[in-house]
Amino acid sequence: RPAATATIEAADEKFPTLSDTGNGERLARRFKDRLFYTEGRGWHCWTGKRWKPDPEGMRVRRAATETVKSIPSESGNPAGDRALMTHASRSLSKRAKDAMITEAAPLLLVPGDKLDQHPDLMNCQNGAVDLRTGKLRPHDPALHMTRISPANYDPSATCPRWERFIEEVIPDDAVRDFVQCAVGYSLTGAT
C-alpha cells in the first residue's frame, strides 16, 4: 500500500464529501503528521519524541472530535453552509466518529515492517543517537521509532561504576575490550 502522505496528497478534492469517507479524509489530512495506523498494532500518535501506541483509541477519538469541530470552518465548501452544519452536527455521534476513524485508517496506514527499522539509532529523551558516530540528531517522526530510552544522551558522561566492575571481573585488557564491545553492540538493533 502507498505511504500515508502520498495517499492523502493524491486526493483531488479541496473539500472532502459530506460522508463518513469524507470525514476519514478530513481526519487523515488534519493529522497526517501526528497519527498513523498499523494493521495488527492499531493506532499510534506522535509524542514529539516517538510514536506511542494508542491501544484504547483515546487519542484518535480526540482527533476525530477535533476534526468534526473543524468542519464548519470549511468556508467555500460547495455543499453550502446549511448542509455543512447539518453534516457537522451528525458527525459528532459515536457511530459517525467510529466510521471516520475506520475510513481514515487505510489513508494513514504505515506497514508494521516500517517501524523501528534503524538498528544504528538509539532513541533517547533528547534525540536519536547514531551509534556508529555518537552524534545526536533531533527526534524525527519519519523514522517511525516507537521505543525510547528513559535517559538523555550525554556524550561526556562517565561510567566509573561500570569501569570498576569490568576491571574487577575481567582483569585481562583484551578480553575486557571484547566484552565492552559486545555489550555496546547489544545496544544496536542488529542483535
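Start at the hairpin of β5 and β6, and select Gly134 in this predicted model. Five residues lie between the two strands of this hairpin. Gly134 takes a positive phi near 80°.

Now show the strands on either side. Strand β6 covers residues 136–137. β5 and β6 run antiparallel, joined by two bridges. Pick Ala128, then look across to β6: Arg137 stands opposite.

Next, select residues 127–130, which make up strand β5. Add residues 121–124, which are strand β4. How many bridges pair β4 with β5? There are four, and the pairing is antiparallel. β4 and β5 also form a hairpin, with two residues between them. Click Leu121 and look straight across: Asp130 in β5 stands opposite.

While the strands are on screen, turn on their side chains. In a regular strand, side chains alternate between the two faces of the sheet.

Leave the strands and go to the aromatic rings. A search of the whole structure finds four aromatic pairs. Select Trp46 and Trp51, which form a tilted pair. Their centres are 5.4 Å apart, with 50° between the planes. The pair counts as tilted because its angle is neither under 30 degrees, which would be stacked, nor over 60, which would be edge-to-face.

Stay on Trp51. Is this residue buried or exposed? Trp51 is buried, because its relative accessible area is 3% and the cut-off for buried is under 20%.

For the last stop, add Phe36 to the selection. Ring pairs link Phe36, Trp46 and Trp51 into a cluster.

Conventions:
Residues are numbered from 1 along each chain as its sequence is written. This is a predicted model: local features need pLDDT of at least 70, side-chain atom pairs count only at pLDDT 80 or more; totals for chains, interfaces and linings use all residues. Side-chain values use heavy atoms; hydrogens and water are left out. Two strands pair if DSSP finds at least two bridges between them. Rings of Phe, Tyr and Trp (its six-membered ring) pair if their centres lie within 6.5 Å; planes under 30 degrees apart count as stacked, over 60 as edge-to-face and the rest as tilted. Buried means under 20% relative accessible area, exposed over 50%, partly exposed in between (1.4 Å probe, protein chains only).
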